[in-house]
Amino acid sequence: MNIELRNIHKWFGKVHANDDISLKISSGTIQGILGENGAGKSTLMKILSGYFQANSGEILLDGTLVKIKSPDDAIRLGIGMLHQDPLDFPPMRVIDDFLLGQHGRLFLNRAQVEQEIKELSQKFGFQINPDAYVETLTVGERQQLEILRLLWLGVRILILDEPTTGISANQKEKLFATLETLAKQDLTVIFVSHKLEDVQGLCDKVAVFRQGKVAGELTPPYNTDQFIQLMFDKEIKIGERATACRPESLLRLENIGIEDYRLRLRNINLTLYRGEIIGLAGMEGSGQKLFLQMLAGIKRPVSGKIVIDEENYAGKRYESFLKAGISYIPASRMEEGLIPGLTLTEHFILSEEHNELLISQREALSLTQSRISDFRIKGAPYSKVEQLSGGNQQRALLALMREKLNLILMEHPTRGLDIESSIWIWKKMKERCADCTSIVFISADLEEIIQYSDRILVFFGGMVSEPIDANTTSVDELGQLIGGIGW
Amino acid sequence: MTMQQGTPQTTSLRSRINWLDLGLRIGAVILALLITSLILLVANAQPLKAYWNIVLGAFSSTQKVSAVIASWVPLVLTTSGLLFTFTAGLWNIGMEGQIVVGSVFCVGAFRFLDQTGMDPWMVITIAFIAGAIGGFLWAILPGVMRIYGGVNEIFGGLGLNFVAKALAIWLIFGPWKRPGVASMSGTEWIDPQFRLTYLPGTSLSPVIVIIALVGAIFVALMLKGTHFGLRLKAIGKNDRSAYLMGIPTTRYFLLAFGICGVFAGIAGSVLVTSKQFSLIPDAGFGYGFLGLLVAMLVNYHPILSSIVAFFFAALSVGNIELQYMGLNSYLAGVLQGFLVLFVVMANGVRQRLFKKG
């Protein structure tokens, strides 16, 4: 379907999120939408998919003026959106997730739907068991599930909001192949991203957004400098590698075993040095998260010792890990990190240790203001966290960390962030390392892992590699290990 | 630069929402009155006259006003206690049972210390503390059941309400029965020296008013100005994040229940020492449930809840006058119920409007 957007305006209070946006997208193409956080990409997509309504402007599908008042309307018109955070129902089965979106039937036809799911899966090369519970799927699989569900609902325009965040390189390749197949079958694909390489590798045309406007449109052959110029209106440089590890050890793992209902990790031995950065690579669900949560004190190891200052922390409570100066930054910001409904100031009050009874509002406000400017959070002290954009929520989450820490554990620290923010966040982290804080992080982005780690652990099917020196390895070598080759 | 823009914007946004909010709430009250009027019309009564009678019933004499205040006190106490559990995201349906057990402990203390010859004020103080402990223990139970047994606190509280009532009835007809014949009208009255003195010509003791005010102020301060209050709020909004931030959520859950129970126990003790003077089967008088309604009606706002509690108390007392119009005195309940329903609905509507806006 051909899409034409004419002079779209959208205001949130005084923020002009979409400022006179006009765009034409033709059928059978993959249109890229590129821009940094808060540039207005998501807002425009939410308007197109019926979650918001524009304050003014027109939407035409195949030349006909349409009004999209709800996501339901959008689906009926053939527009489906894959959100940054999966909008499925974790405690239900895949098939129930499908049946929920079905219209106009009183009785559920399980067998038929199951058959249809299987056929669609086969057609697009997905591997999803209709009887699996949604909560057991990885982010990548949940994404496939959602695409499949949209296709099954008859969507002809597929919008993907930051779809490559949080999925492995392998899954990304698959996703791209799928999208290309869809475009060949005359579907319209809109691909929203802040990642240059993704957009360059996939899209037939790219619109670059900056501050609520279309800064320009580019077509292949692409030139990276042009993109950056349009996105930021300036040049930026990528950060330097960390200094060498310090000789003093912070933490020692002795024969650690961890397990959950589907994975077992055995006999992990590791010495973590002060000021060191260790990157954890692997396909999603290979045990990195378990490993990180074990270090955080959330997941207790089934065997072995976690030795900090000659004291065994295995089996201790989460509070003891916090006291030992260990901080965990989870990937699901709004579920495990921030508290929707509370303001930034309230978050900063909560994050600090307080033994007095009364809250000093003045002190809290000044702390908040200094962190807001320090971490360049676009928000006011009394903004509620859910009013911030995704990137600013991530900044807020990092800003909540206490001053003195021994170990920072991060899950996908720059997932969903634009290049500038990512580089900036790593600069902040490097400052911490210079202060002898160690960092262990998970990322699906191998470039990021090689770029910022001192050593790398690769996870594959319950196995953990020996530490790999980041200076001597390559994306190819890591990629093979992640895929199970070379063990 | 964004910061300077941000601040005034947030404030202007706030005042706009507040106006909308106020309008919706007033609309909800009018709607509740209209529907209740309709019911009155169906019952062949003149609505305006009925409402006027309620007003007369509540405020036409000192005696009546004092009765309103006397019933405001336990309601403020239960509502205040419930603000803690609501803030922590918990439903303490078991408030009613906690009042009953508080009353049991209070009466028990009086029976135990009756003949010791201690100073009456000393005994009364001990009885109040005993009542608070009773409420505390009974409130901790659903908390423990939820945290360690996975029983939703609504079911736990509901079940414990029945158990509490059964306990009271067992005491009334068993160990604590009146000499001679046991009766549903309750245990033997406590010694007159332990009853709180009324103001002359009224049935209101000034002591309980002070207790209510202290309670209400305590809650407002705790929830608005302390780290404890903010942590409770954080837990109520997202206990997973709160836990990862280092807030000991289990302890706070239990504390919220415990404090709520203390308020229930004190409310029970107030009822024993200033109203009933004995243990009766229905020792909670429904204040636990009414407190839930008040808290929901004001969207868990501490200061507003005291005011609305007064309004509810006036309705309940003024209601009695309706009997002289040949109307059933459940009308207050009907009006209170509709009020809460419509205001809660107005909240939902406001959220919808705000999201769309």
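Start where the two chains meet: select the 29 residues of chain A and the 24 residues of chain B that make up the contact. Keep in mind as you click around that this is a predicted model. On the chain A side, colour helix H10 (318–323), helix H11 (333–337), helix H12 (344–351) and helix H13 (361–374), since each of these supplies at least two residues to the side that touches chain B. Which helix gives the most? That's H12(A), with 4 residues. Now colour this side of chain A by class, and you'll get 15 nonpolar, 8 polar and 6 charged residues.

Next, zoom out and paint chain A by domain. The domain assignment gives domain 1 (3–232), domain 2 (236–325 + 404–487) and domain 3 (336–401). Notice that domain 2 is written as two stretches, 236–325 and 404–487. If you put a marker at the C-alpha centre of domain 1 of chain A and another at that of domain 3 of chain A, the two markers sit 32 Å apart.

Time to look inside. In soluble globular proteins, nonpolar side chains tend to be buried together. Here, the largest nonpolar core has 172 residues. Good ones to select are Leu280(A), Leu409(A), Val73(B), Ala256(B), Cys260(B) and Val294(B), which have the most contacts inside this core. Which element gives the core its largest share? Pick helix H10 (residues 249–276) of chain B, which brings 14 residues. Back in chain A, domain 2 (236–325 + 404–487) and domain 3 (336–401) both give residues to this core, so the core lies between them.

Stay with Leu409(A) for a moment and show what it touches. Setting aside neighbours within four places in sequence, Leu409(A) is in contact with Leu292(A), Leu295(A), Ala296(A), Ile326(A), Ser327(A), Tyr328(A), Ile329(A) and Val440(A). There's also a second, separate core of 61 residues, and Ile33(A), Leu34(A), Phe98(A) and Val208(A) are among its members.

Now switch to cartoon view and find the open sheet in chain A, where 4 strands run in the order S2-S1-S4-S5 with antiparallel pairing. Strand S2 (15–25) and strand S5 (64–66) of chain A stand at the edges, each with a single partner strand, so one side of each has no neighbour in the sheet. Turn the sheet and look along it: the twist averages 30° from one strand to the next. Then zoom in on strand S4 (residues 56–61) of chain A, which is joined to S5(A) by 3 bridges. In this pair, Leu60(A) stands opposite Leu65(A) in S5(A).

The last stops are about backbone angles. Most residues other than glycine have a negative phi, and most peptide bonds are trans. So what's going on between Pro220(A) and Pro221(A)? A cis peptide bond joins them, with omega about -5°. You'll find Pro221(A) in the loop between strand S10 (213–218) and helix H8 (224–232) of chain A.

Now select Asp186(A), which has a positive phi of about 70° although it isn't a glycine. Asp186(A) lies in the loop between helix H6 (169–184) and strand S8 (188–193) of chain A. Is Asp186(A) buried or exposed? It has 11 C-beta neighbours inside 10 Å, so it counts as exposed, the cut-off being 12 or fewer.

Finish in chain B with Phe277(B), which isn't a glycine either, yet has a positive phi of about 60°. Phe277(B) lies in the loop between H10 and helix H11 (287–297) of chain B. This residue is buried, with 21 other C-beta atoms within 10 Å.

How values were computed
Residues are numbered from 1 along each chain as its sequence is written. Chains are lettered from A and ligands numbered from 1 in the order in which they are written. This is a predicted model: local features need pLDDT of at least 70, side-chain atom pairs count only at pLDDT 80 or more; totals for chains, interfaces and linings use all residues. Domain bounds come from an automatic or database domain assignment. Two residues are in contact if their C-beta atoms, placed from the backbone, lie within 7 Å. Ala, Val, Leu, Ile, Met, Phe, Trp, Tyr, Cys and Pro count as nonpolar, Asp, Glu, Lys and Arg as charged, and the others, Gly among them, as polar. A nonpolar core is a set of buried Ala, Val, Leu, Ile, Met, Phe, Trp, Tyr and Cys residues joined through C-beta atoms within 7 Å. A residue is buried if 20 or more other C-beta atoms lie within 10 Å of its own, exposed if 12 or fewer, and partly exposed in between; C-beta atoms are placed from the backbone. Two strands pair if DSSP finds at least two bridges between them. Axes are lines fitted to C-alpha atoms, for helices over the stretch in contact, and angles run from 0 to 180 degrees between N-to-C directions.
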